[in-house]
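Work through the following exercises with the sequence and the coordinates open beside you. Each task is followed by a solution that proceeds step by step.

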Amino acid sequence: MGIKRHFLGWNKPFILEFSQQLLTDCGQGNSYDDILIWVPSARAGRHLENELFSDTEEMEAFHPPNCITPAQYFGRLSEREEVATPTQCLFAWKKVIQDAGKQILKPIFPSANEFSRDDWTYEIAEQFMRLRARIVEENSSFLSISKSGSLHDPERWNALASIEAAYLKQLNSQRLIDPDIFFLENFQEIVSEFPFRRILLAGILNLSKRQEALLRKLDTKGIQIDIYCPCPESFSDKLDSMGRPIKGYWERESL
């Protein structure tokens, strides 16, 4: 169908412009039931619902739009019994850090002396989770980075890859699967079972490669993808095809 960009300008707050556009496109009532809206934050989703329904008391009985952040949407995809929860992932990371020993951890933390303290291991486990989450969003992993061949600090990335492998093995020993691995292994099924007719991206300026991959695959399956950009159309060449700012231009613009 082709992914379409729409430019709403910046004369008014973006949520006001977007809510008016949504009312024009979809009307009111249950027209929203087959639409998924990606918003930049939960707060933005609440503001959107307020703008859509605050002026008409009779509309309160209808379902609001399906507003969710991209990160929350991916989290819901992995809400299965066999998929590890964030807490289970944290405990698995903690376990492998405690078991790794100084020889493996030294390249990552050369100045650390106490690798077995619970408070230290929990803190490091949380940092590993956050780092890996960011890397996975760019369709990568500790292992793939360690094999890239052009690293500034290959010993450190090799150690991270080793710990990542131990983490996945630890989950497997509990008959659990990492949420990101689950998404990769079930990508086709997730696309084929997508329950919406249309996705609207409301001012999402930092779409990750993984999120982009899902949208492009859904587009080939006939799902309508509309990207609403918070700038005038005259700036269309300053955003890429997914509505992300092109590097090198906006950094030079004055506020």
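## Overall burial and contacts

In this predicted model, 44% of the 255 residues of the protein chain count as buried. The secondary structure of the chain comprises 11 helices and five strands.

**Exercise 1.** Determine what share of the contacts between residues at least 6 apart in sequence joins residues at least 24 apart.

*Solution.* Take the contacts in the protein chain between residues at least 6 apart in sequence, and then keep those whose partners are at least 24 apart; the share is 73%. For the surface, the accessible area of the protein chain comes to about 14,600 Å², and 49% of that belongs to carbon and sulfur atoms.

**Exercise 2.** Decide how the buried residues of helix 2 are placed around its axis, and name elements that cover them.

*Solution.* Begin with the geometry: helix 2 spans residues 42-53, and its 12 residues reach 17 Å from the first C-alpha to the last, close to the 16 Å expected at 1.5 Å a residue. Next, list the buried positions, which are Ala-44, Gly-45, Leu-48, Leu-52 and Phe-53. These cover an arc of only 150° around the axis, and therefore they lie on the same side of helix 2. The general background is that an α-helix has 3.6 residues a turn, so residues three or four places apart point the same way. Finally, the cover over these buried residues includes helix 1 (14-26), strand 2 (35-38) and strand 3 (66-68).

**Exercise 3.** Establish which strands pair with strand 2, and whether its faces are covered or open.

*Solution.* Strand 2 runs parallel to strand 4, to which four bridges join it, and Ile-35 stands opposite Arg-198 in strand 4. Strand 2 also pairs with strand 3 in the parallel sense, over three bridges, with Asn-66 of strand 3 as the bridge partner of Leu-36. As for the faces, both are covered, since Ile-35 and Ile-37 on one side and Leu-36 and Trp-38 on the other are all buried.

**Exercise 4.** Identify the residues with the most contacts inside the largest nonpolar core, and trace the elements that supply this core.

*Solution.* The largest nonpolar core has 29 residues, and those with the most contacts inside it are Trp-38, Tyr-73, Ile-199 and Leu-201. At least two residues of this core come from each of strand 2, helix 3 (70-77), helix 10 (187-192), strand 4 (198-202), helix 11 (209-220) and strand 5 (224-229). Another core, of 25 residues, lies apart from it and has Leu-90, Leu-105, Ile-124 and Tyr-167 among its members.

Conventions. Residues numbered from 1 in each chain as written. Predicted model: local features only at pLDDT ≥ 70, side-chain atom pairs only at ≥ 80, totals over all residues. Heavy atoms only, no water. Expected span 1.5 Å × (residues − 1). Buried < 20%, exposed > 50% of the residue type's maximum accessible area, 1.4 Å probe, protein only. Arc of directions from axis to C-beta. Contact = heavy atoms within 4.5 Å. Core = buried A, V, L, I, M, F, W, Y, C linked by side-chain atoms within 4.5 Å. Areas by Shrake-Rupley, 256 points an atom, 1.4 Å probe, with all protein chains shown as cover. Pairing = 2+ DSSP bridges.
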